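Visitor: I have a model open on my screen and would like a friendly tour of it. Could we take it one question at a time?

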Amino acid sequence: MPDATSLPDVPPEAWSGVHRGPLRAGEWVRLLDQKGRRHNFELVPGKRFFSNRGHLDHDDLIGREEGFTIPSSVGGEYLVFRPLLSEFVVSMPRGAAVVYPKDSAQIIAMADIFPGAVVVEAGVGSGALTCSLLRAVGPLGRVLSFERREEFADVARANVTQFFGADHPAWELRIGDLTEGLTASGQRADRIILDMLAPWECVDAVSDALMPGGILIAYVATTTQLSRFIETVRAHGGFTDPHAWESLVRDWHVEGLAVRPGHKMMGHTAFLVTARRMAPGEQAPRKKRRPAPGAYGVDYTGPRPVDLPPQVLEEEFGD
Ligand SMILES: C[S@@+](CC[C@H](N)C(=O)[O-])C[C@H]1O[C@@H](n2cnc3c(N)ncnc32)[C@H](O)[C@@H]1O
């Protein structure tokens with residue numbers, strides 16, 4: 001049976017951003033100290049890493065198989081691994097807030113991002129989600145990313161290039177607003193992902209670009225954004241009824257008989273919404289259940305679903 005070190009390096013044409021085998025100069029490593037502090041740096045021959053726990057030489061790391069501990073000059077130990085994608089995106093430089101790994105995983109799964117897919121995203125922000133999208137579509141797919149702030153696009157480009165080690169062949173980054181850029185490009189897409197303040201402004205552009213059966217997914221931080229986006233998609237009429245959810249991840253402490261949920265938890269990141277594009281001229285089936293009384297009552301001022309039954313309007317506004 002081959003030992004754990006016998007696999008060859010991951011082929012560069014896979015564009016995984018992952019290496020196997022001994023650590024090499026130019027690669028990034030992640031050090032974890034005994035207090036849980038993390039340090040990420042690029043291995044450079046002859047260079048020295050300094051922290052409040054002393055120093056260590058990069059040359060002492062280069063050439064070793066990852067997964068080892070190394071003492072620092074003033075005692076204490078560091079655990080050394082290559083960073084995982086989920087670790088890289090939360091420690092890389094940020095322009096805008098990133099999509100957290102738990103949500104990237106949901107987006108990849110629930111938007112059914114597949115190898116070879118054509119995916120459009122906006123905004124690119126710091127490029128965290130872009131890394132996951134490129135991993136999922138692979139070199140035969142295409143990710144077209146729009147970002148209207150050039151300084152964020154620069155951060156994203158540096159992060160994505162660092163993760164994959166070179167310019168990913170499936171990625172194109174355009175500076176500008178998705179609503180204008182996507183329409184002007186004439187690009188069609190299997191999947192479109194909106195992570196921005198006002199995704200409802202993009203619904204018309206998205207509906208023109210998305211293939212029949214394609215998936216629109218939005219990532220929004222607040223309930224007011226969630227409501228406005230969903231009602232805009234409903235009012236458009238060319239999508240299935242949107243599905244909204246959030247994911248909560250809770251760590252567990254497991255030690256002997258002390259088995260309990262962890263004390264800390266990331267309570268909220270954002271909500272996710274998906275809807276599928278209907279074929280041109282087709283309307284999504286009407287909902288069987290009528291909206292709750294008051295759902296679209298006098299206090300509601302937003303967009304109205306195209307299939308709102310007339311009796312609801314009469315009941316709500318009749319007196
Ligand atoms: C929260 S960040 C995106 C984070 C990114 N998804 C990540 O994982 O790193 C939102 C970004 O959307 C950009 N943005 C907002 N509206 C946009 C639009 N209509 N077109 C293009 N970019 C937009 C903003 O400039 C900002 O950088």
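Visitor: What percentage of the 319 residues of the chain count as buried?
Guide: Happy to start there, with the reminder that this is a predicted model. A residue counts as buried if 20 or more other C-beta atoms lie within 10 Å of its own. Of the 319 residues of the chain, the buried share is 33%.

Visitor: Into which domains is the chain divided?
Guide: The C-alpha trace spans about 80 × 50 × 45 Å along its principal axes, and the chain holds 8 helices and 15 strands. The division gives domain 1 (12-83), domain 2 (87-285) and domain 3 (286-319).

Visitor: How many residues does the contact take from domain 2 and from domain 3?
Guide: The centres of domain 2 and domain 3, taken over C-alpha atoms, are 30 Å apart. On the domain 2 side of the contact there are 2 nonpolar, 3 polar and 4 charged residues. The contact takes 9 residues from domain 2, and from domain 3 it takes 7 residues.

Visitor: Let's look at a sheet. Which strands stand at the edges of the open sheet of 4 strands?
Guide: The strand order is β2-β1-β6-β5, with antiparallel pairing. An edge strand has a single partner, so one side of it is left without a neighbour in the sheet. Neighbouring strands here are turned by 30° against each other on average, direction ignored. The edge strands are β2 and β5 (68-71).

Visitor: Which residue of β6 stands opposite Leu31?
Guide: Strand β1 (residues 28-33) has 5 bridges to the antiparallel strand β2 (residues 38-42). With β6 (residues 77-81), β1 pairs over 4 bridges, also in the antiparallel sense. On the β2 side, Val29 stands opposite Phe41, and Leu32 faces Arg38. On the β6 side, the residue opposite Leu31 is Val80.

Visitor: Which residue in the hairpin of β1 and β2 takes a positive phi?
Guide: The hairpin has 4 residues between its strands. The positive phi there is near 85°, and the residue that takes it is Gly36.

Visitor: What is the strand order of the open sheet of 7 strands?
Guide: This sheet has mixed pairing. Strands β9 (171-175) and β12 (243-245) each have a single partner strand, so they stand at the two edges. Neighbouring strands are turned by 15° against each other on average, direction ignored. The order is β9-β8-β7-β10-β11-β15-β12.

Visitor: Which residue of β8 is the bridge partner of Val119?
Guide: Strands β7 (residues 118-122) and β8 (residues 142-147) run parallel and are joined by 5 bridges. Within this pair, the partner of Val119 is Val143.

Visitor: At about what angle to β8 does helix α3 run?
Guide: Two helices are worth viewing together. Helix α5 (residues 178-185) lies across β7, β8 and β9, at about 140° to β8. Helix α3 (residues 128-137) lies across β7, β8, β9 and β10 (189-194), and its angle to β8 is about 165°.

Visitor: How many residues of α3 are buried?
Guide: The buried residues of α3 include Leu129, Cys131, Leu133 and Val137. Just after the helix, Gly138 takes a positive phi of about 70°. The helix itself is mostly covered, and its buried count is 10 of 10.

Visitor: Which residues come nearest to the ligand?
Guide: The shell around the ligand has 13 nonpolar, 5 polar and 5 charged residues. Helix α3, strand β8 and helix α5 each supply at least two residues of it. Of the 23 residues around the ligand, those that come nearest are Ala96, Gly123, Gly125, Ala128 and Met196.

Visitor: Which peptide bond is cis, with omega near -15°?
Guide: Most peptide bonds are trans. To find this cis one, go to the loop between β7 and α3, where Gly123 has its place. The bond in question runs from Ala122 to Gly123.

Visitor: Is Trp15 buried or exposed?
Guide: Trp15 lies in the segment before β1 and has a positive phi of about 50° although it is not a glycine. Its C-beta count within 10 Å is 21 others, so Trp15 is buried.

Visitor: And where is Asp112, with its phi near 55°?
Guide: That phi is a positive value in a residue other than glycine. Asp112 has 16 other C-beta atoms within 10 Å, so it is partly exposed. Its place is in the loop between α2 (101-110) and β7.

Methods. Residues are numbered from 1 along each chain as its sequence is written. This is a predicted model: local features need pLDDT of at least 70, side-chain atom pairs count only at pLDDT 80 or more; totals for chains, interfaces and linings use all residues. Two strands pair if DSSP finds at least two bridges between them. Axes are lines fitted to C-alpha atoms, for helices over the stretch in contact, and angles run from 0 to 180 degrees between N-to-C directions. A residue is near a molecule or strand if its C-beta atom, placed from the backbone, lies within 6 Å of it. Ala, Val, Leu, Ile, Met, Phe, Trp, Tyr, Cys and Pro count as nonpolar, Asp, Glu, Lys and Arg as charged, and the others, Gly among them, as polar. A residue is buried if 20 or more other C-beta atoms lie within 10 Å of its own, exposed if 12 or fewer, and partly exposed in between; C-beta atoms are placed from the backbone. Domain bounds come from an automatic or database domain assignment.
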